[in-house]
Amino acid sequence: MGMTATDLASGLFEVLETGAPALAAEVVHPEFRNREAAVSPAACRIEGPAGVLASGAWMRSAFEALRFPFVETIHNDDQVWVRLRMQGRHTGAFVLFKDGAVDQVVPPTGREIDFEQIHVLGLRDGRIVRHEAVRDDIAMLGQLGVFPPTPAAGMRMLAWRATGRSARAAAEVTAKADGAARSGTAAGTSTA
């Protein structure tokens, strides 16, 4: 007997929290696409489980003890909607990308995040094939102390850029995402 829609959703977020390749292969369809991957490293845009593993590595590189406790799920035959909270401690650089290039780097603040998100997951052949989200990124940036912008936060981000720390952090985050995707592909979790 296959997993329920809620089990699949729970498994997807467990993969993001832990980076478990076997679970990724079990819950993520080989043709999986993540509409939200535009702000993440290129490896996160790879189809299938490898892209999910890369996304998890990207997020865990910025947020220690990353977790996604569910608040509510609703599903039908081909979709599951999940309302959850994203929680963790910002202990690494949070690197955002735009058009494949580094857009912003938020230096580690040590602050806790805890904010709500809604995810829409498409289902096919007993696995998750599509991901879309509505996130309250403004709340997260507020919890990190960078929105609304303050002179201190702006100076810290500029200092990171001027000293090359932003570029080094972006390279490190990209390498972690690439490595996670390669390990997923090597384990047979992607057809891409």
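Arg 35 is exposed, at 52% relative accessibility. I start there, and I should say at once that this is a predicted model. The cut-off for exposed is over 50%, so Arg 35 falls in that class.

What does Arg 35 form a salt bridge with? The partner is Glu 132, and the closest N and O atoms are 3.2 Å apart. On the chain, these two are 97 residues apart. Arg 35 sits in the loop between β1, residues 28-34, and α3, residues 49-62. Glu 132 belongs to strand β8, residues 127-135. The bridge therefore links distant parts of the chain. Glu 132 has a relative accessible area of 25%, which makes it partly exposed.

Next to consider is Glu 36. Is Glu 36 buried or exposed? Its relative accessible area is 17%, so Glu 36 counts as buried. Glu 36 forms a salt bridge with Arg 135, with 3.9 Å between the closest N and O atoms. This pair also links distant parts of the chain: Glu 36 is in the loop between β1 and α3, Arg 135 is in strand β8, and their positions lie 99 residues apart in the numbering. Arg 135 is partly exposed, at 31%.

Glu 132 has another bridge, to the side chain of Arg 130, at 3.3 Å from N to O. Arg 130 is partly exposed, at 29% relative accessibility. Taken together, bridges with shared partners join Arg 35, Glu 36, Arg 130, Glu 132, Arg 135 and Asp 137 into one network. The whole structure has 13 salt bridges.

Two of those residues come up again at the largest pocket. The space in that pocket is about 480 Å³. It is lined by 29 residues, and the closest to its centre are Glu 36, Val 39, Trp 58, Met 59 and Arg 135. Which element gives the largest share of the lining? That is α3, with 5 residues. Other parts of the chain contribute too: α1, β1, α3, β5, β6, β7, β8 and α4 each supply at least two lining residues. By type, the lining divides into 17 nonpolar, 8 polar and 4 charged residues.

Now the aromatic side chains. How many aromatic pairs does a search of the whole structure find? The search gives 4. One of them is Phe 13 with Phe 68, a tilted pair, 5.2 Å centre to centre and with 55° between the planes. Phe 13 is in helix α1, and Phe 68 is in the loop between β2, residues 63-67, and β3, residues 70-75. They are 55 residues apart, so this is again a pair that links distant parts of the chain. Both rings belong to buried residues: Phe 13 is at 2% relative accessibility, and Phe 68 is at 5%. With Phe 70, these two form one aromatic cluster.

His 90 is in strand β4, residues 79-90. Its relative accessible area is 0%, so His 90 is buried. Beyond its neighbours within four places in sequence, His 90 is in contact with a list of residues that includes Ala 62, Phe 63, Val 106, Arg 111 and Leu 144.

Last, some backbone details. Most residues other than glycine have a negative phi, and most peptide bonds are trans. Where does this structure have a peptide bond that is cis? One runs from Phe 147 to Pro 148, with omega near 0°. Pro 148 lies in the loop between α4 and α5, and Phe 147 is placed in the loop between α4 and α5 as well. Phe 147 is partly exposed, at 38%. Leaving aside neighbours within four places in sequence, Phe 147 is in contact with Ile 138, Leu 141 and Gly 142. Its C-alpha atom is 9.9 Å from that of Asp 137, which is 10 residues away along the chain. Asp 137 is also a member of the salt-bridge network I described.

As for phi, Ala 65 has a positive value of about 55° although it is not a glycine. Ala 65 is found in strand β2. Asp 99 also has a positive phi, near 55°. Asp 99 is in the loop between β5 and β6, and at 75% relative accessibility Asp 99 is exposed.

Key:
Residues numbered from 1 in each chain as written. Predicted model: local features only at pLDDT ≥ 70, side-chain atom pairs only at ≥ 80, totals over all residues. Heavy atoms only, no water. Salt bridge = Lys/Arg side-chain N within 4 Å of Asp/Glu carboxyl O. Helix = DSSP H or I, 4+ residues; strand = E, 2+ residues; numbered from the N terminus. Buried < 20%, exposed > 50% of the residue type's maximum accessible area, 1.4 Å probe, protein only. 1 Å grid on protein atoms, 1.4 Å probe; cavity = no way out; pocket = protein on both sides within 12 Å on 5 of 7 lines; lining within 4 Å. Points joined across faces, edges and corners; volume = space filled by probe spheres on them. Nonpolar A, V, L, I, M, F, W, Y, C, P; charged D, E, K, R; others polar. Phe/Tyr/Trp six-rings, centres within 6.5 Å; stacked < 30°, edge-to-face > 60°. Contact = heavy atoms within 4.5 Å.
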